[in-house]
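I opened this entry to record what I looked up in one structure. The topics are surface patches, the core, a salt bridge and a few single residues.

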Amino acid sequence: MKPETETTHSVALRRQYCRELRRAMSFAPNLGKRCAAQMEESLASYLDEHPEATMEELNRVFGTPAQAAQEMLGNLDAAQIQKQMAQYRWRRIAALVIVGLVLAFSLLQVGRFLVDRYVNPPIVLVTGSAVVDEEPLPTDTPVN
(Lines give C-alpha, C1' and ligand atoms only; values in the text may rest on other atoms or scores of the structure.)
Protein backbone atom coordinates (compact mmCIF):
# COMPACT_ATOMS: atom_id res chain seq x y z
CA MET A 1 0.00 0.00 0.00
CA LYS A 2 1.44 3.34 -1.05
CA PRO A 3 0.96 6.31 1.27
CA GLU A 4 -0.99 9.24 -0.11
CA THR A 5 1.58 11.80 1.11
CA GLU A 6 4.34 10.38 -1.08
CA THR A 7 6.53 12.97 -2.75
CA THR A 8 7.83 12.71 -6.29
CA HIS A 9 11.30 12.30 -4.80
CA SER A 10 10.31 9.19 -2.84
CA VAL A 11 8.38 7.76 -5.80
CA ALA A 12 11.42 8.22 -8.04
CA LEU A 13 13.73 6.61 -5.47
CA ARG A 14 11.40 3.67 -4.98
CA ARG A 15 11.03 3.10 -8.73
CA GLN A 16 14.77 3.36 -9.33
CA TYR A 17 15.59 0.90 -6.55
CA CYS A 18 12.93 -1.60 -7.73
CA ARG A 19 14.04 -1.26 -11.36
CA GLU A 20 17.61 -2.10 -10.36
CA LEU A 21 16.32 -4.98 -8.24
CA ARG A 22 14.39 -6.43 -11.21
CA ARG A 23 17.48 -5.95 -13.39
CA ALA A 24 19.53 -7.90 -10.83
CA MET A 25 16.99 -10.71 -11.09
CA SER A 26 16.64 -10.58 -14.87
CA PHE A 27 17.36 -14.31 -15.16
CA ALA A 28 13.89 -14.97 -13.69
CA PRO A 29 11.55 -12.10 -14.64
CA ASN A 30 8.44 -13.36 -12.82
CA LEU A 31 10.41 -13.90 -9.65
CA GLY A 32 11.97 -10.45 -10.01
CA LYS A 33 8.54 -8.84 -10.31
CA ARG A 34 7.31 -10.59 -7.18
CA CYS A 35 10.40 -9.65 -5.18
CA ALA A 36 10.26 -6.06 -6.44
CA ALA A 37 6.60 -5.81 -5.38
CA GLN A 38 7.50 -6.98 -1.87
CA MET A 39 10.44 -4.59 -1.70
CA GLU A 40 8.30 -1.73 -2.99
CA GLU A 41 6.02 -2.05 0.04
CA SER A 42 8.98 -1.96 2.41
CA LEU A 43 10.49 1.01 0.59
CA ALA A 44 7.18 2.89 0.62
CA SER A 45 6.80 2.55 4.39
CA TYR A 46 10.46 3.51 4.98
CA LEU A 47 10.22 6.52 2.68
CA ASP A 48 6.99 7.58 4.39
CA GLU A 49 8.91 7.79 7.67
CA HIS A 50 12.07 9.26 6.05
CA PRO A 51 10.90 11.46 3.14
CA GLU A 52 14.35 13.04 2.65
CA ALA A 53 16.14 9.71 2.19
CA THR A 54 18.65 9.30 -0.62
CA MET A 55 19.62 6.29 -2.71
CA GLU A 56 22.78 5.89 -0.61
CA GLU A 57 20.65 5.70 2.52
CA LEU A 58 18.37 3.09 0.92
CA ASN A 59 21.46 1.09 -0.07
CA ARG A 60 22.72 1.31 3.52
CA VAL A 61 19.39 0.28 5.08
CA PHE A 62 18.18 -2.34 2.58
CA GLY A 63 21.46 -3.17 0.87
CA THR A 64 22.19 -2.55 -2.78
CA PRO A 65 19.59 -3.93 -5.17
CA ALA A 66 22.00 -6.74 -6.08
CA GLN A 67 22.48 -7.62 -2.41
CA ALA A 68 18.73 -7.48 -1.78
CA ALA A 69 18.13 -9.78 -4.76
CA GLN A 70 20.71 -12.22 -3.44
CA GLU A 71 19.14 -12.18 0.02
CA MET A 72 15.63 -12.69 -1.39
CA LEU A 73 16.85 -15.59 -3.50
CA GLY A 74 18.46 -17.09 -0.40
CA ASN A 75 15.07 -17.02 1.32
CA LEU A 76 13.29 -18.89 -1.50
CA ASP A 77 13.36 -22.63 -1.79
CA ALA A 78 15.42 -24.22 -4.53
CA ALA A 79 12.41 -25.76 -6.28
CA GLN A 80 10.84 -22.33 -6.90
CA ILE A 81 14.06 -20.94 -8.30
CA GLN A 82 14.66 -23.94 -10.55
CA LYS A 83 11.09 -23.78 -11.85
CA GLN A 84 11.50 -20.09 -12.72
CA MET A 85 14.88 -20.71 -14.36
CA ALA A 86 13.52 -23.59 -16.48
CA GLN A 87 10.52 -21.53 -17.56
CA TYR A 88 12.73 -18.61 -18.57
CA ARG A 89 15.16 -20.92 -20.39
CA TRP A 90 12.35 -22.40 -22.52
CA ARG A 91 11.08 -18.93 -23.37
CA ARG A 92 14.53 -17.89 -24.54
CA ILE A 93 14.91 -21.05 -26.64
CA ALA A 94 11.47 -20.52 -28.21
CA ALA A 95 12.30 -16.89 -29.00
CA LEU A 96 15.61 -17.89 -30.59
CA VAL A 97 13.90 -20.54 -32.71
CA ILE A 98 11.29 -18.05 -33.92
CA VAL A 99 13.92 -15.44 -34.75
CA GLY A 100 15.96 -18.10 -36.56
CA LEU A 101 12.96 -19.19 -38.63
CA VAL A 102 12.11 -15.62 -39.59
CA LEU A 103 15.72 -14.98 -40.58
CA ALA A 104 15.90 -18.18 -42.63
CA PHE A 105 12.64 -17.37 -44.43
CA SER A 106 13.84 -13.83 -45.16
CA LEU A 107 17.16 -15.05 -46.52
CA LEU A 108 15.36 -17.61 -48.68
CA GLN A 109 13.13 -14.90 -50.17
CA VAL A 110 16.08 -12.59 -50.85
CA GLY A 111 17.96 -15.49 -52.43
CA ARG A 112 15.02 -16.37 -54.66
CA PHE A 113 14.70 -12.75 -55.73
CA LEU A 114 18.40 -12.49 -56.58
CA VAL A 115 18.37 -15.75 -58.54
CA ASP A 116 15.28 -14.71 -60.48
CA ARG A 117 16.67 -11.25 -61.13
CA TYR A 118 20.28 -11.95 -62.08
CA VAL A 119 20.82 -15.66 -62.74
CA ASN A 120 17.60 -16.41 -64.61
CA PRO A 121 16.55 -13.09 -66.17
CA PRO A 122 13.24 -13.11 -68.06
CA ILE A 123 13.65 -13.90 -71.74
CA VAL A 124 11.71 -11.91 -74.32
CA LEU A 125 11.76 -13.34 -77.83
CA VAL A 126 10.96 -11.14 -80.79
CA THR A 127 10.12 -13.41 -83.73
CA GLY A 128 9.15 -10.95 -86.40
CA SER A 129 8.41 -7.38 -87.21
CA ALA A 130 5.50 -5.51 -85.73
CA VAL A 131 2.25 -5.51 -87.68
CA VAL A 132 -0.04 -2.49 -87.65
CA ASP A 133 -3.68 -3.46 -87.35
CA GLU A 134 -5.90 -0.90 -89.12
CA GLU A 135 -9.27 -2.33 -88.07
CA PRO A 136 -11.37 -0.55 -85.45
CA LEU A 137 -11.01 -1.66 -81.88
CA PRO A 138 -13.79 -3.92 -80.58
CA THR A 139 -16.33 -2.22 -78.30
CA ASP A 140 -19.40 -3.24 -76.35
CA THR A 141 -21.73 -0.93 -78.33
CA PRO A 142 -23.40 -2.37 -81.40
CA VAL A 143 -22.49 -0.86 -84.78
CA ASN A 144 -25.49 0.10 -87.02
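I began with the term for patches: they are made of residues with over 30% relative accessible area and no salt bridge, and like charges are joined within 9 Å. I also note that the model is a predicted one.

**Positive patch.** I looked for a positive surface patch and found one formed by Arg 15, Arg 19, Arg 22, Arg 23, Lys 33 and Arg 91. I then asked which element gives the largest share of the positive patch. That is helix 1, residues 8-24, with four residues. I took Arg 15 as a sample member; I found Arg 15 in helix 1. Its relative accessible area is 54%, so Arg 15 is exposed.

**Salt bridge.** I counted salt bridges and got one for the structure. Its partners are the side chains of Arg 14 and Glu 40, at 2.4 Å from N to O. I checked where the two sit: Arg 14 is in helix 1 and Glu 40 in helix 2, 26 residues apart, so the pair links distant parts of the chain. Are the partners buried or exposed? Arg 14 has 2% relative accessibility and therefore counts as buried, the cut-off being under 20%. Glu 40, with a relative accessible area of 21%, is partly exposed.

**Nonpolar core.** I looked up the largest nonpolar core and noted 19 residues. Those with the most contacts inside this core are Tyr 17, Leu 21, Met 25, Met 39, Leu 43 and Leu 58. I listed the elements that give two or more residues to this core: helix 1, helix 2 (29-49), helix 3 (55-62) and helix 4 (65-75). Helix 2 gives the most, with seven residues. As background, nonpolar side chains tend to be buried together in soluble globular proteins.

**Nonpolar patch.** I next looked for nonpolar residues on the surface. Val 110, Phe 113, Leu 114, Val 115, Tyr 118 and Val 119 make a nonpolar surface patch of about 610 Å². I picked Val 119 from this patch and placed it in helix 5, residues 78-119. Val 119 has 58% relative accessibility and so counts as exposed.

**Two glutamines.** I looked up Gln 67 and found this residue in helix 4. Its relative accessible area is 45%, so Gln 67 is partly exposed. I computed the C-alpha to C-alpha distance from Gln 67 to Ala 24 as 8.9 Å, with their positions 43 residues apart in sequence. I then turned to Gln 84, which lies in helix 5. What is the burial state of Gln 84? At 12% relative accessibility, Gln 84 counts as buried. I also took the C-alpha separation of Gln 84 and Tyr 17, which is 22 Å for a pair 67 residues apart along the chain. Tyr 17 is one of the core residues with the most contacts noted above.

Methods: Residues are numbered from 1 along each chain as its sequence is written. This is a predicted model: local features need pLDDT of at least 70, side-chain atom pairs count only at pLDDT 80 or more; totals for chains, interfaces and linings use all residues. Side-chain values use heavy atoms; hydrogens and water are left out. Patches are made of residues with over 30% relative accessible area and no salt bridge: like charges are joined within 9 Å, nonpolar side chains (Val, Leu, Ile, Met, Phe, Trp, Tyr) within 5 Å. Accessible areas come from the Shrake-Rupley method with a 1.4 Å probe; for residues, only the protein chains shown count as cover. A salt bridge is a side-chain nitrogen of Lys or Arg within 4 Å of a carboxyl oxygen of Asp or Glu. Lys and Arg count as positive and Asp and Glu as negative; His and the chain ends are not counted. The place of a charge is taken as NZ of Lys, CZ of Arg, CG of Asp or CD of Glu. Buried means under 20% relative accessible area, exposed over 50%, partly exposed in between (1.4 Å probe, protein chains only). A nonpolar core is a set of buried Ala, Val, Leu, Ile, Met, Phe, Trp, Tyr and Cys residues joined through side-chain atoms within 4.5 Å.
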